[in-house]
2 protein chains.
Amino acid sequence: MKGLGELERSIMDILWAQDTPLTAREVGRLIEDRDLAPTTVMTVLDRLSRKGFLTRTRDGRAWRYQPAASRDAYVAELMLEALDLTGDRDAALTRFARAVSGTEAEILRKALMELEEE
Amino acid sequence: MKGLGELERSIMDILWAQDTPLTAREVGRLIEDRDLAPTTVMTVLDRLSRKGFLTRTRDGRAWRYQPAASRDAYVAELMLEALDLTGDRDAALTRFARAVSGTEAEILRKALMELEEE
DNA sequence: GGGTAGTACTACGTCCCGTAGAGAGGTGGG
DNA sequence: CCCACCTCTCTACGGGACGTAGTACTACCC
């Protein structure tokens, strides 16, 4: 899939947190800590949509951007990708299971239960 | 942690598959498909140990390299790192659980069971 | 003592990403 | 009607990571 850079991730975070598509200007306004040129934001949005992380639709002359997938889907995919790197998926999964904290193990257990029931 | 490049990963794969530390020359001999200069292999081994993926010990004038951690540990860590990217760990975990195939769900379940017993 | 092996250091091209300017083409206010 | 402005697209530059390798030096074996 290819990872994201730091600014790219910040921008995805903003868009993931929103429930409506945003224009470049709006995204720029939401990045408070950094003082970025408007074109910088536009460039990154463009790259992100080129990479398939965002979809965009016209709104007058402007584009409105929104995530192509949810953050959870993105994270889950990253995790699966990591898992694909191993030769021994079982060992890696076992190790992963041991590494998650108690509460999270509980979540996993519950999700797996529901799976089983279906 | 930072990811690995393609050649770096190939070399890690070779070392992970081995149970004894190897010299640069030995690693080079085990990369059959590519015809790399010996110095290339040495450079990459050096970078990998600088990054903490390998440890090395002297053997005469040569260095012997071995992985600092198992491949499973590496993969598990990558997965945890991906998980850290989300704001909602539960949602991501649930999604992940749904995404793994049946056999793997079984593995996870078993690992979690054992955890519970401890 | 010359080939071989091994090291350390340096280097170059490429690609990704953060960052942004230049230029083009609408758009609304005075 | 023209100017200021918004937004777009295109192009670019600098830094860092990585693949790749050359060079220069040392040590060892025969």
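**Figure 1. Polar contacts of B:Lys51 and its neighbours with DNA strand D.** In this predicted model, a polar side-chain atom of B:Lys51 lies 2.5 Å from a phosphate oxygen of DNA strand D. A polar contact here is a pair of N or O atoms within 3.5 Å; within protein, one must be able to donate a hydrogen and the other to accept it, and residues adjacent in sequence count only if both atoms are side-chain atoms. Local features need pLDDT of at least 70, side-chain atom pairs count only at pLDDT 80 or more, and totals for chains, interfaces and linings use all residues. Residues are numbered from 1 along each chain as its sequence is written, chains are lettered from A and ligands numbered from 1 in the order in which they are written, and side-chain values use heavy atoms, with hydrogens and water left out. B:Leu7 uses its backbone: a polar atom there is 2.6 Å from a phosphate oxygen of DNA strand D. B:Thr39 faces a base instead. An N or O atom in the B:Thr39 side chain is 3.3 Å from a base nitrogen of DNA strand D.

**Figure 2. The protein surface near DNA strand D.** The strand has 24 residues around it. A residue is near a molecule or strand if one of its heavy atoms lies within 4 Å of it. A:Arg25, A:Met42, B:Glu6, B:Leu7 and B:Lys51 come nearest. Sugar or phosphate supplies 59% of the atoms of DNA strand D within 4 Å of the protein, and bases supply the rest. Both chains contribute to this surface. Chain A gives at least two residues from each of helix 3 (38-50), strand 1 (54-59) and strand 2 (62-67). Chain B does so from helix 1 (6-17) and helix 3 (38-50). Helices (H or I, at least four residues) and strands (E, at least two) are DSSP runs, numbered from the N terminus. Helix 3 of chain B provides the largest share, 5 residues. By class, the surface holds 7 nonpolar, 6 polar and 11 charged residues. Ala, Val, Leu, Ile, Met, Phe, Trp, Tyr, Cys and Pro count as nonpolar, Asp, Glu, Lys and Arg as charged, and the others, Gly among them, as polar.

**Figure 3. The protein surface near DNA strand C.** Around DNA strand C there are 24 residues, and the closest are A:Glu6, A:Thr43, A:Lys51, B:Arg25 and B:Met42. Sugar and phosphate make up 60% of the atoms of DNA strand C that come within 4 Å of the protein. A polar side-chain atom of B:Arg25 lies 2.4 Å from a phosphate oxygen of the strand. Two chain A residues use polar backbone atoms. A:Ala37 has one 3.1 Å from a phosphate oxygen, and A:Gly3 has one 3.4 Å from a phosphate oxygen. Two or more residues come from each of helix 1 (6-17) and helix 3 of chain A, and from each of helix 3, strand 1 (54-59) and strand 2 (62-67) of chain B. Helix 3 of chain A gives the largest share, 5 residues. The surface residues divide into 7 nonpolar, 6 polar and 11 charged.

**Figure 4. The interface between chain A and chain B.** The two chains bury about 3,900 Å² between them, 70% of it on carbon and sulfur atoms. Buried area is the accessible area (1.4 Å probe) that two parts lose on being put together, summed over both. On the chain B side, B:Met79, B:Leu85 and B:Leu112 lose the most area to chain A, together 15% of what that side buries. The contact joins 40 residues of chain B to 40 residues of chain A. Contact means heavy atoms within 4.5 Å. A:Glu104, in helix 6 (residues 102-117) of chain A, is in contact with B:Arg89 and B:Leu93, leaving aside neighbours within four places in sequence. A:Glu104 counts as buried because its relative accessibility is 10%. Buried means under 20% relative accessible area, exposed over 50%, partly exposed in between (1.4 Å probe, protein chains only).

**Figure 5. B:Ile11 in the largest nonpolar core.** This core has 70 residues, of which A:Ile11 and B:Ile11 touch the most other members. A nonpolar core is a set of buried Ala, Val, Leu, Ile, Met, Phe, Trp, Tyr and Cys residues joined through side-chain atoms within 4.5 Å. Not counting residues up to four places away in sequence, B:Ile11 touches B:Val27, B:Ile31, B:Val41, B:Val44, B:Leu45 and B:Leu48.

**Figure 6. A:Pro67 and its neighbours.** A:Pro67 sits in strand 2 of chain A. It is partly exposed because its relative accessibility is 23%. Beyond four places in sequence, A:Pro67 touches A:Met12, A:Leu15, A:Trp16, A:Phe53 and A:Leu54. A:Arg56 is 11 residues from A:Pro67 in sequence and 8.7 Å away in space, C-alpha to C-alpha.
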